[in-house]
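The following exchange asks how certain descriptive terms are justified from coordinates. The structure is shown first.

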Amino acid sequence: MDIAPTASATPTKSPPGGPAEKPGGSANRPGDRIFLGLSKGSGITLLVIMAAIAVFLTWRTLVALAENEGNFLTTFEWNANADPPVFGIAVLAYGTIVSSIIAMVLAVPVAVGIALFISHYAPRRLAASLGYVVDLLAAVPSIIYGLWGALFLVPHLTGLYEWLDQFFGWTGIFSYDSGAPRSLFTVGILLAIMILPIVSNVSREVFKQSPKMQEEAALALGATRWEVIKMAVLPFGRSGVISASMLGLGRALGETMAVATVLSPNFLINASLLNHGGGTFAQNIAAGFKEAGDIGRDALIASGLVLFVITLLVNGAARLIIARRKEYSGANA
Amino acid sequence: MKLQPTNRLRAIAVGAAVVSGALVLTACGSDDNTGGSNGESSPKAASNIACDGEGNLLASGSSAQKNAMDIWVKNYQAACEGVEINYKPTGSGAGIQEFLQGKTGFAGSDSALKEDEVEQSKQVCEGGQGINLPMVGGPVAVGYNLSGVDDLTLDAETIAKIFDSKITKWDDPAIKKLNPDADLPSTKIQAFHRSDESGTTDNFTEYLHAAAPDAWKYEPAKAWAGEGGQSADGSSGVATNVKNNDGAIGYFELSYATGNGIPTVKLDTGAPEPVEATVENATKAIAAGKVVGEGNDLAMELDYATKAEGAYPIVLVTYEIVCDKGNNKESLGLTKSFLTYTASEEGQSALADAGYAPIPDEIIAKVRTTIDSLS
């Protein structure tokens, strides 16, 4: 599979060392050179932009941290406009990560199910329209999800919350006092719906590309459709599903308006996921930016830097996982 | 063969229905925006507004006075041709920031300039400094949602305890004492406050601090300090949540209460009769305050603990912030003429329709003199 494109791309000279790595290095036609320059330029531009963002965030963060009277990592408070300013990101980091994890746990199995159904089970016509419907979810603006969440989802979750409290309240995680269910758990459910399309869409594309030969061979050996999926499709698609999940996780980590509309933010960490409390980086920035003074703004930017770092770590971790499972995948080779 | 055309027809019909439905909906939307004050104000307005200057005037700041600005800008632009006034409701903090960077002609703010901001303003205002002109008043209503109760009186201490989670049931003796006739259920109280920092919270907590210092021990601030309760983003978020939850109580500008049909609490201020949250009562309370700014500065100190008859003490005064001297020469004429209009009798009376309170006569007279002297 790998040989075909390389062979056609090298016209006369065939450099012996690392043929697949840098075919562009031997460009000598004008078209090749222009394209090389363009793509190199784009790549460098991206790096410069990222570096500029990182420098800006770091600089403003240092300004804010110099003024901070609290501990930036452990203080459960956000009074950046007070004099002296006191702020810490503990609650925000907890809320961001916990709500995103809930979203992943709820969304990924469903999304993989949808993707498998569309790619391997559904009749073609149904599959196409179902795919469109799922993709349409991605086109709904997040504020609409927020309004839907606040006006429809929240009032209808009370029953589920009471049920969870009754049977799982002893865990502490699912104890529920009362009041409108506007907690991190609700945010997690909402985020799950929001990341569903991106995860299922990418997984579907990956599953569709699983090698037909292997599937047919397995069928020929007498495997059922589920066994084919288990042996040929899922192992092939695993790294793709992981990448898709990470894309979804990226969206969940940064979601702002929907969270701000649904959550009842509060600067305390509640052991129970169902009770009020918590907050997320993006939601806090949206809530605090309008009335922030100089230091307040820099403090919000500092929290943004932490989100930036968390996102980088998540992406790095995803890359590591994918690299380790590379042998399964043709797409990432 | 016969199936396909009918299918297509049906699809077209559905599509047409959707499109026309969308058109009807958007048409309604734009009607709502432009309707209302359009008919009555523009012909009248043309006679009284003294136009001066042309081009663009940029301003930004408090979102609490956005609806007032919308009305004023529309009336002013209808009367004066070739002028465009652009007020961005970015929030007081951002508004002051932009003003201090010299980007805007004036800033709208829920709170007066702080000392260091006045210092900074001297760099923008050549030979002068930033001053506060009180322009819009607004009652902050305490709205509630309690089935079977449509008339509720509370005093500052009870409100403070409710919002600090010290009183948690609606049939608490303290509430019963103030409402002997009401049939109070034992529903749990859900108190809603703002999750974002806001001038509304600032004024509300100023009131609690001034009128019930024992029950409300926190310093008044833009960020919420009380214990417990739920929070929501913006006045609209708080109002929506109060509307949707039985047993809820929250605070927001009066217009959000009237707009959502939420009943508001009458305040037992110590006056002979409990005071209702209305535009007139808010103006009476603003009149009980006094101007504390020096020179041209008209920053106000409100008397939140007032016991004057019919004075509703939870009020928000928003300022327009300009330079007393050294305004940007290009926009000076336009700024002066626009603010002259907003401070005029006509401009102030246009406020009441939108749920805002006009500034009392004595103070607005000073504002007018100050606007005349801007240079």
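**Disulfides and an unusual backbone angle**

In this predicted model, the disulfides of chain B follow the pattern 1-2, 3-4 when bonded cysteines are counted along the chain. A search of the whole structure finds 2 disulfides over all chains.

Q: Why is the pair Cys51(B) and Cys80(B) called a disulfide?
A: The sulfur atoms of Cys51(B) and Cys80(B) are 1.9 Å apart. The cut-off is within 2.5 Å, so the pair qualifies. About the S-S bond the angle is -85 degrees, and the link is left-handed. Cys51(B) lies in the loop between α2 (38-48) and β1 (55-61), and Cys80(B) in the loop between α3 (66-79) and β2 (83-88), so the pair ties together parts that are 29 residues apart in sequence.

Q: What makes Cys80(B) buried or exposed?
A: Cys80(B) has a relative accessible area of 2%. Buried means under 20%, so Cys80(B) is buried. Its partner Cys51(B), at 41%, falls between 20% and 50% and therefore counts as partly exposed.

Q: How do you know that Cys125(B) and Cys323(B) form a disulfide?
A: Their sulfur atoms are 1.9 Å apart, and the limit of 2.5 Å is therefore met. Cys125(B) is in the loop between α5 (115-124) and β4 (130-145), whereas Cys323(B) is in strand β12 (residues 315-323), so the link joins parts 198 residues apart in sequence.

Q: What is notable about phi of Ser165(B)?
A: Phi of Ser165(B) is near 60 degrees, a positive value in a residue other than glycine. Most residues other than glycine have a negative phi.

Conventions
Residues are numbered from 1 along each chain as its sequence is written. Chains are lettered from A and ligands numbered from 1 in the order in which they are written. This is a predicted model: local features need pLDDT of at least 70, side-chain atom pairs count only at pLDDT 80 or more; totals for chains, interfaces and linings use all residues. Side-chain values use heavy atoms; hydrogens and water are left out. Helices (H or I, at least four residues) and strands (E, at least two) are DSSP runs, numbered from the N terminus. Buried means under 20% relative accessible area, exposed over 50%, partly exposed in between (1.4 Å probe, protein chains only).
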